Structures are given as C-alpha cells and as structure tokens.
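Biologist: I am new to this model and would like a close look at one part of it, with each term explained as it comes up. Could you start from a single side chain and work outwards from there?

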Amino acid sequence: MTALPDAPPAVAPPRPPDRPPGPRSRGPRLVRTALAYACLLAVALLVLVPFAWMVSSSLKRNNEVLTVPIEWIPREFRWSNFTEIWDRIPMLTYLGNSAFLSVAVTVLQVLTGSFAAYGFSKVRFPGRDALFLAYIATIAVPWQAYMVPQYIMMQRAELTDTYWSIILLQAFGAFGVFLMRQYYLSIPDDLCEAARIDGLSEYGIYWRIMLPLSKPALASLALLTFVNTWNDYMGPFIYLTSNELWTVQLGLRSFVGQYDAEYAMIMTGAVLSVLPILVVFLFGQRYFIRGIATSGLKG
C-alpha cells in the first residue's frame, strides 16, 4: 500500500480587523474626558487664584490692593515697586542667605539620604529592616516634641546664631532615606551582585551604578528639600538672631511688622521670594514627576 500524502495544515481564516468604536460608545468616553479636564482646570484655577492676586497686587498702589470688587488688572502698572523694595530692606542679603542655606542643606540631604538608602536597600546586615523601621518612625514624631532639646544642644555647642545650627538639623532627614530606598528597590539586585563579582567595592557600586540610575529620585529629593528649606520660617526664627543672617522669610516678616499698611510692597516681596522656587521647579519638573512616579513601585 502506498502511503497517503500528509494533509496540508489547516489555515485559520484571517481575523477581521477591529471595528472602530461606534458613535454610541465614543460619546460617553468623550463626555467623561471632557468632565475630567474641566475638573482639573477648575482645581488648577483655584490653586492659581491666590498667586494671580499676589502678582496683581505687587503692581498696584497700596490703596488699590484691597478694593472691592477685586481689580485683577491694575489701572497703572507700578514696576517701581520691584526697585523700591531693595531700598527698604536688604533684600539681596536675605535672598542670598536663603539660597546659601537651601543649597547647603539640599546637597547634604541628597548625599546622606542616598548613601543611607543604599545601605538599607542593597547591603545585607543583621537588623537592617528593624533599624530602618525605627529610623523611619521618627517621621511620625512632631517637631515640637523635640524642639526644646535640640535648641539646648545647639546652645551648649555654641552653634546658635550660626548657619551650622540650621544645616546640621535639616541635612539628615528620614524622609530622604525613605524616598531613595523606595527607588533603589526598583533597581535589580543583579547589577550589584555582578559588580561585586567584578571586584567593585560598595562605595564604587553606590557611586558608579546606583547614583547614575537614580537621577529622577535625586532630582525629586533635591527639589523637595530646596523648597522646604527655602520656605522654612520657624528654624531660622529660633536659631538666627542677627539681622545679617536672616533668611528671606524672616526679612519679609520683619518688613510686615514695620510697614503693615504697605500691602503692595508686601506683595512685591512675596513675589520675589517665590521666583527662585518657580525657576528651580521649572528646570527640574521633568525629573521631579518621574522620580515621584517611580519611587513607590516597591514597598
């Protein structure tokens, strides 16, 4: 008997192309999208209204700031307010002091936070997780609970009325360690193991592998630390007594106390104090959003 030839394999019929959504299914989706964007726009406007009023008031006369109804567009733009305030108070000194403290605290916070986070995430040692939980638990303790002991320590160390008191107290925070550790956990451990096999030390792994891969998280931590230090009022108010050491927040508060009726000048100073933060955020927003989005991938 002759063998029958093998039957050709069955060919599945071609799949019909997916039909585009019809008008009935497309309508509700467009409505939901429009409502979502409308809600986001309304929330954004609510957030921006105080800033718009602040900028508008900084370009008015004092008697035009509190008019009812509010005049969002000044009758006459008084750009001279932004030059006059430099003669009223040493604004340049205050801005320079705030910039120095913010940059110093930010650099130290990024270095210490990222280095400690590497140890808590990629180095195995006894009691690592328990020590990390105990360290992170300090975030839940309100600052007012240990404010007085901290001041006594700084006073006995003769660091009050110096920048060192602010730098030493704010440059080592648990939040930075927590943020960086969450990002480090998203980096595979195989990279570190391969580097150890090749003979790279832990310091080399941290500097050559972990830091280059964690630029978004570093940018997020730097931006949050810079903004928090720049806007801090209680810390400089407690530890800095000399006028030449005051930050912009203390300088504006002193200006309000002396010229409490000059609302236009007060708003001008507020605008000048916000501009550096705005510039920093505009330059780092791409890394900031990416770092916040990826820092919580693993717990």
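How does Phe115 count in terms of relative accessibility: buried, exposed or partly exposed?

Modeller: Phe115 counts as partly exposed, at 39% relative accessibility, where buried means under 20% relative accessible area, exposed means over 50% and partly exposed lies in between, computed with a 1.4 Å probe on protein chains only. Before going on, please note that this is a predicted model, in which local features need pLDDT of at least 70 and side-chain atom pairs count only at pLDDT 80 or more, while totals for chains, interfaces and linings use all residues. Residues are numbered from 1 along each chain as its sequence is written, and side-chain values use heavy atoms, with hydrogens and water left out.

As a setting for this residue, the protein holds 13 helices and zero strands, these being DSSP runs numbered from the N terminus, with at least four residues of H or I for a helix and at least two of E for a strand. Of its 299 residues, 35% count as buried.

The ring of Phe115 brings us to the aromatic pairs, of which the structure holds eleven; rings of Phe, Tyr and Trp (its six-membered ring) pair if their centres lie within 6.5 Å, and planes under 30 degrees apart count as stacked, over 60 as edge-to-face and the rest as tilted. Phe115 and Tyr206 form an edge-to-face pair, with 5.0 Å from centre to centre and 85 degrees between the planes. Because Phe115 lies in helix H3 and Tyr206 in helix H9, this pair ties together parts that are 91 residues apart in sequence. Unlike the partly exposed Phe115, Tyr206 is buried, with a relative accessible area of 6%. Both rings belong to one aromatic cluster, which Phe115 and Tyr206 form with Tyr118 and Tyr203.

Tyr118 leads on to the largest nonpolar core, a core being a set of buried Ala, Val, Leu, Ile, Met, Phe, Trp, Tyr and Cys residues joined through side-chain atoms within 4.5 Å. Among the 23 residues of this core, Tyr118, Met180, Tyr184, Ile205 and Met210 touch the most other members. At least two core residues are supplied by each of H3, H4 (128-136), H7 (174-184), H8 (189-197), H9 (202-213) and H10 (215-231), and the largest share, six residues, comes from H7. For Ile205, leaving aside neighbours within four places in sequence, the contacts (heavy atoms within 4.5 Å) are with Tyr118, Cys192, Ala195, Arg196, Leu200 and Met210.

Elsewhere along H3, which spans residues 91-122, its axis comes within 9 Å of that of helix H6 (residues 163-170), and the two cross at roughly 35 degrees; here axes are lines fitted to C-alpha atoms, for helices over the stretch in contact, and angles run from 0 to 180 degrees between N-to-C directions. The contact includes Phe100, Leu101 and Val105 of H3 and Ile166, Ile167 and Gln170 of H6. Its residues divide into eight nonpolar, three polar and no charged, where Ala, Val, Leu, Ile, Met, Phe, Trp, Tyr, Cys and Pro count as nonpolar, Asp, Glu, Lys and Arg as charged, and the others, Gly among them, as polar.

Thr229, found in helix H10, touches residues of this crossing: apart from neighbours within four places in sequence, Thr229 is in contact with Leu101, Ser102, Val105 and Gln170. Thr229 is buried, with a relative accessible area of 8%.
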